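Biologist: I am new to this structure. Please take a close look at one part for me, the nonpolar core, and then show me what lies around it.

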Amino acid sequence: MPLKLESFGSDNPPAVVAPGPEPTDEARLSAYDDGYSAGWEDALAARNDEVARLRDAVGQNLQTLGFTYHEARAHVLQSLRPLLEAMVEQLLPRLAAEAMPPIVAEVVMKLAADCAERPVILRLHPQARTAVESFLTPHASLPMDLSEDSSLSPGQVILQAGSAGARIDLDGAIAEIGSALAAFYDLLPAERRYG
C-alpha cells in the first residue's frame, strides 16, 4: 500500500515571482551605505549603553568605597577615644605638674628683668608651692614673695611685678583640650550623616 501524506499547503500552488531587473551599481552602493550607516549607529548605541553602564558601576563602587572609608575612619577614631580621654584626664595633669615650676621660673626671670626694682609676687595653690619654691631656690637673690591662694587650682599661678603681670593656667589649658576632644567626638555622628 502506498504511503499517503497529508498536505499542509493550500490547494493553490505558490505564485512564482519572476526576478526583476538586476540592481544597478548605484543602488548596490546606496544599499551598502545604508547598511553600513545602520551598523555604525547600532555600534555607537551599544558603546554608549556600555559606557553608561560602566559609569553607573564606577559611581556605585566609589560611593561604596566612600562609605567604607568613613566607616573605617569613624571606627578607628572611636577606638582611640578612650586612650585620648585617658591622656587628657591622667597624663596631661602629671605633665602639667612637672612643667609648672620651669614655666614659673621662666616667667619670674622675665618679670624680674623687666621690673628689677619691684619684687615678684607669686600667688599659687598650696599643693604647687613646694615644687615651685624648690625650682626657684637657685634664684633666691631675686626679691620674691610667695603666697598661697586656695581659690587657684594646682595648675594656676598668678605673677605680679609692679604693673606687669602674668597668669599661668595649665589646668585651664587641659580643660580646653578636654572640651575640644569632647566636641570633636560629638561631631563624629554628624559627620557620618553628612559626610
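Modeller: Here is the core, followed by its surroundings.

This is a predicted model, in which local features need pLDDT of at least 70, side-chain atom pairs count only at pLDDT 80 or more, and totals for chains, interfaces and linings use all residues. Residues are numbered from 1 along each chain as its sequence is written, and side-chain values use heavy atoms, with hydrogens and water left out.

First, the frame. The protein chain has three helices and four strands. These are DSSP runs numbered from the N terminus: helices are H or I with at least four residues, strands are E with at least two. Along the sequence the pattern reads α-β-α-β-β-β-α. The chain's mean pLDDT, the predictor's confidence in each residue from 0 to 100, is 83. A score of at least 70 is reached by 87% of the residues. Among the elements, β3 has the highest mean pLDDT, 92, and α3 the lowest, 82.

Now the core. A nonpolar core is a set of buried Ala, Val, Leu, Ile, Met, Phe, Trp, Tyr and Cys residues joined through side-chain atoms within 4.5 Å. Buried means under 20% relative accessible area, exposed over 50%, and partly exposed in between, using a 1.4 Å probe and protein chains only. Of the 195 residues in the protein chain, 19% are buried. The largest nonpolar core holds 26 residues. Val104, Val120, Leu122, Val157, Leu159 and Ile168 have the most contacts inside this core. At least two core residues come from each of α1 (25-114), β1 (120-124), α2 (126-136), β3 (156-161) and α3 (170-194). The largest share is from α1, with 10 residues. In soluble globular proteins, nonpolar side chains tend to be buried together.

Take Ile168 as an example. Contact means heavy atoms within 4.5 Å. Beyond its neighbours within four places in sequence, Ile168 is in contact with Met100, Ile103, Val104 and Val107, and also with Gly155, Gln156, Val157 and Leu159. Across the protein chain, 70% of the contacts between residues at least 6 apart in sequence join residues at least 24 apart.

Next, the largest pocket. A pocket is an open set of points on a 1 Å grid over the protein atoms alone, where a 1.4 Å probe fits, with protein on both sides within 12 Å along at least five of seven lines; lining residues have an atom within 4 Å of a point. The largest pocket has a volume of about 190 Å³. That volume is the space filled by probe spheres set on the points, with grid points joined across faces, edges and corners. Its lining includes Met100 and Gly155, and also Pro93, Ala96 and Asp171. Both α1 and α2 give two or more residues to this lining.

Three more residues round out the picture. Ala173 sits in helix α3. Ala173 is partly exposed, at 36% relative accessible area. Ala173 and Ala96 are 77 residues apart in sequence, yet 9.5 Å apart in space, C-alpha to C-alpha. Arg123 belongs to strand β1 and is partly exposed, at 33%. Setting aside residues up to four places away in sequence, Arg123 touches Ser147, Asp149, Leu152, Gln156, Val157 and Ile158. Ser150 lies in the loop between β2 (144-148) and β3. With a relative accessible area of 60%, Ser150 is exposed. Leaving aside neighbours within four places in sequence, Ser150 is in contact with His125 and Pro126.
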